[in-house]
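Hi everyone, thanks for coming. Please open the structure on your screens, and I'll walk you through some places to look at.

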Amino acid sequence: MCGIIAYVGGRDAQPILLDGLSRLEYRGYDSAGLAVHIPGALSVQKKAGRIAELTKAVARQPVRSTSGISHTRWATHGEPNDINAHPHLDQSGKIALVHNGVVENYQEIKAALSANGHTFHSATDTEVLAHLVGEHYATLGTLSGSSRLVTAVKAALGEVNGTYGIAVIHQDLPDVIVGARRGSPLVLGIGVDEQFLSSDAAALSPYTQKVVYLKDFDVVTLQPSQFDLQTIGEREASYEIRELDIKPEATERGAYPHYMLKEIFEQPAAIRNAMRGRIDKDTGTAHLGGLNLTNEQLRDIRRIIVLGCGTALYSGMVGEQMIETTAHLPVETDFSSEFRYRNTPLDNDTLFLVVSQSGETADTLGALREAQRKGHRVLGICNNVGSTIARESDGGVYMHAGPEIGVAATKSFISQATIFALLSLKLGRMRYLSAAAGHEIIDALEKLPAQVEVILQQSDHIKRIAEKYAHGRSMLFFGRQGNYPIALEGALKMKEITYLHAEGYPSSELKHGVIALIDPNTPSVVIAPHDSLYEKNMSSIQEIKARRGPVICLTTSDCAGADALIKIPSTLELLQPILNVIPLQLLAYHTAVALGRDIDKPRNLAKSVTVE
C-alpha cells in the first residue's frame, strides 16, 4: 500500500514524479504529494484526493528541479487530508521524507521528541519518523555531505519498530536521495546519469530497464551518476542488477475504459503464459523446474498447506480441490494472517505453498517466514520476479501474467488457478494418475484460452444482466466443490468494486440458514455446470425460486427456472472453475459501471497490502 517515486538526475523532476505516481496510483489514492529541491530550500506540494488534484496544484506553481521525492497514500494513521499527506518535514523544515509502512512505536518516539521541543502538525506516524531523522541529523555536526544524512537515517531506523519503505532528502544536499526498506518494497532504477526509487518496478519501465530490488535493512544513497548501498546491522551489502521484462505499454490502459476490463480480456494470454514451456505431452505431465524439489522429495510429501489472502486464498482453495482429486494428497488452505499467529500442529513432511500476486503481501510474507522458522519448505506462487516472497521462498512458480494495475484481481486469479492445475497434474502423475488421464488434462488445458474467448464474447449479454440487477439489496453466490471458492471470489469482486453486500456459500448450505436471506430484491448467482452435482444445484435453484428469489444461472447446459442464463463452455470438471470465474468478473464489472463506481480505484482499497 502507498507508492513512492524518487528521482535525481539531469531532467526536470516534477513531470517524472507525477508520471510515476500516476503509474502507482493503484497502491493508494487518498492523497498525494511531492518535495523537490530549489536553491537553498525545499518546495513541498501535497493535496488530498487523487493524483489529478496534485497535478493541478503543481501546474499552478511549477518548479524546475532535478531531484525530488513523491508519494501517493493509502491512509493508515490519520484521515486523508492535505496535512496528513506525504512528504513530511522534520522540525527544522530542511528534511523531507515519504514513507510506506507503519511505525508501530511512533507514539513512544513522539512523546520523547515532544519533550525535546518538537512540534507536530499531522496525525501520522511518518511525521514522527521525519522528526526522528532530523533529530539524529542535528547531533552529527562532525559529519558532512551525504554521509551525515545516511548516518541519521540509519540511526533513526534503528529505533523504529514496524515496516518501512522510505525516501529522504535534505535541502542542503540537492543531488542526494537516501532510501531504505524493511517489509515494504523499494526498487532502485539505474539510468544514465540519473537514478530512481519506486515502490514497484513497473512504474520505472518508461525510464530504465535496469533495476535493483532492495532487501530488508538495505539503505541506498542515490546521486545522478552513482549509487551506494549499505545495510542496517551486520549483514554485508550486496545487490544484483536485473533487466526488467516490462514494456511501458503493458502498464497502459489502451482502448479500454478501465484497467480491470483490459485485464479481464487479457486472461486468454495469461493462461497461455502460465502454461508456456511447462507441459510435457510425451509423458502427460507438467514441468515446474522452479520448485527446487527432486521427484523423491515430492513423493515424500504427505500434506500441503496453502496460505494466502483474499483472491490468492480463493485460488488456493481451487488448487486444494485439484490436488486432492488428482494426487490424493490432503490439502488445507488457511488465511496467511491467521496461520502466523496460531500454533498449528505440523508434520515434518508438510509442504507449504504461499500465494501472492505482488510477492509483497505482508501477512503472507510473515506466514512464509513462520513456516520456515518451524523447519518447513515453502514454495511461492507469485507474479513479481524480484519480490520478497520470490527471493525468500525455497522455490516456486512465477505466474508471468504481466502487470496487473486494476485493484480488483482478475488475471492473477486465472494465472494462479492455472498453475495449481499444472501442479496437480505433476503431483498426480507422480502418484496415481495414468498417462491417459494426464493427456486428457493437458488437452483440456490447451483448450482453455479459446474457451475463455467464447465467454468474453458474452460481455454485452452479461452487461444487460448486470444492469437489470444492479440495484438489488444484496447478492448471493452459490457453488459446490471446486465452484465454492469461485462463489467466494465472485462475491468478493462484487463487494470490492460495486460496494453491494455480497456473500459466497456452498450451494449445499442454502437450507442451513442462508435461505432466510432470499427475497425478490436479493439475486442469487448459482454456478451450476453439468457436472456430478448438477441435479443438486438444480434443486437449490428451485428452492430459491419457491421463495421468489431471482436466479442468475451459470451453466454448461440448461437451467430450468433461472431468470437469467449465462452459458459457459464445458471442460473437465477439474478445470471448470477456471472458466466459471470469468462471467462473475464481468458481472461485477458491469454492475459497477451501472452504479457509476470508480472501478480501478474502489474506495478504501489498494492493490498491494504491505502493512498488517
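Let's start with His328, which sits in the loop between helix H9 (311-327) and strand S18 (331-335). Keep in mind throughout that this is a predicted model. His328 is not a glycine, yet its phi is positive, about 55°. Is His328 buried or exposed? Its relative accessibility is 54%, so it counts as exposed; the cut-off for that word is over 50%.

Now go along to His400, in the loop between strand S21 (395-398) and helix H13 (411-429). His400 is another non-glycine residue with a positive phi, of about 55°. With 42% relative accessibility, His400 counts as partly exposed.

While we are on backbone details, please find Pro87, in the loop between strand S4 (67-73) and strand S5 (88-89). The peptide bond that joins His86 and Pro87 is cis, with an omega of about 5°.

Two more loop residues, please. Arg235 belongs to the loop between strand S13 (226-231) and S14. Its relative accessible area is 33%, so Arg235 is partly exposed. How far apart in space are Arg235 and Ser225? From C-alpha to C-alpha they are 26 Å apart, with their positions 10 residues apart in sequence. Ser532 is in the loop between strand S24 (524-527) and helix H17 (534-546), and at 60% relative accessibility Ser532 counts as exposed. Ser532 and Glu573 are 41 residues apart along the chain, while their C-alpha atoms are separated by 8.3 Å.

Next, a helix. H16 covers residues 484-498, which makes 15 residues. From the first C-alpha to the last, H16 reaches 21 Å, close to the 21 Å expected at 1.5 Å a residue. Why can we call H16 largely enclosed by the rest of the structure? Because 13 of its 15 residues are buried, and buried here means under 20% relative accessible area. Just after H16 comes Tyr499, with a positive phi of about 70°. Tyr499 has a partner, too: the charged end of Arg603 sits over its ring, 4.0 Å from the ring centre. You can find another arrangement of this kind at Tyr137, where Arg148 lies over the face of the ring, at 4.0 Å from the ring centre.

That brings us to rings. A pair of aromatic rings is described by how far apart the centres are and by the angle of the planes. The structure holds six aromatic pairs. One of them is Phe339 with Phe352, a tilted pair with 5.2 Å from centre to centre and 55° between the planes. This pair links distant parts of the chain: Phe339 is in helix H10 (residues 336-339) and Phe352 in strand S19 (residues 350-356), 13 residues apart. Both Phe339 and Phe352 are buried. Elsewhere, ring pairs link Tyr7, Phe196 and Tyr207 into a cluster.

Last stop, the largest pocket. Its volume is about 790 Å³. Which of its 37 lining residues are closest to the centre? They are Ile246, Asn383, Asn384, Val385 and Pro403. Strand S11 (210-213) and strand S14 (242-243) each supply at least two residues of the lining. Sorted by kind, the lining has 16 nonpolar, nine polar and 12 charged residues.

Thanks for listening, and please ask me anything!

How values were computed. Residues are numbered from 1 along each chain as its sequence is written. This is a predicted model: local features need pLDDT of at least 70, side-chain atom pairs count only at pLDDT 80 or more; totals for chains, interfaces and linings use all residues. Side-chain values use heavy atoms; hydrogens and water are left out. On a 1 Å grid over the protein atoms alone, a cavity is a set of points where a 1.4 Å probe fits but cannot get out, and a pocket is an open set with protein on both sides within 12 Å along at least five of seven lines; lining residues have an atom within 4 Å of a point. Grid points are joined across faces, edges and corners, and a volume is the space filled by probe spheres set on the points. Helices (H or I, at least four residues) and strands (E, at least two) are DSSP runs, numbered from the N terminus. Ala, Val, Leu, Ile, Met, Phe, Trp, Tyr, Cys and Pro count as nonpolar, Asp, Glu, Lys and Arg as charged, and the others, Gly among them, as polar. The expected span of a helix is 1.5 Å times one less than its number of residues. Buried means under 20% relative accessible area, exposed over 50%, partly exposed in between (1.4 Å probe, protein chains only). Rings of Phe, Tyr and Trp (its six-membered ring) pair if their centres lie within 6.5 Å; planes under 30 degrees apart count as stacked, over 60 as edge-to-face and the rest as tilted. A charge sits over a ring if NZ of Lys or CZ of Arg is within 6 Å of the ring centre and within 35 degrees of the ring normal.
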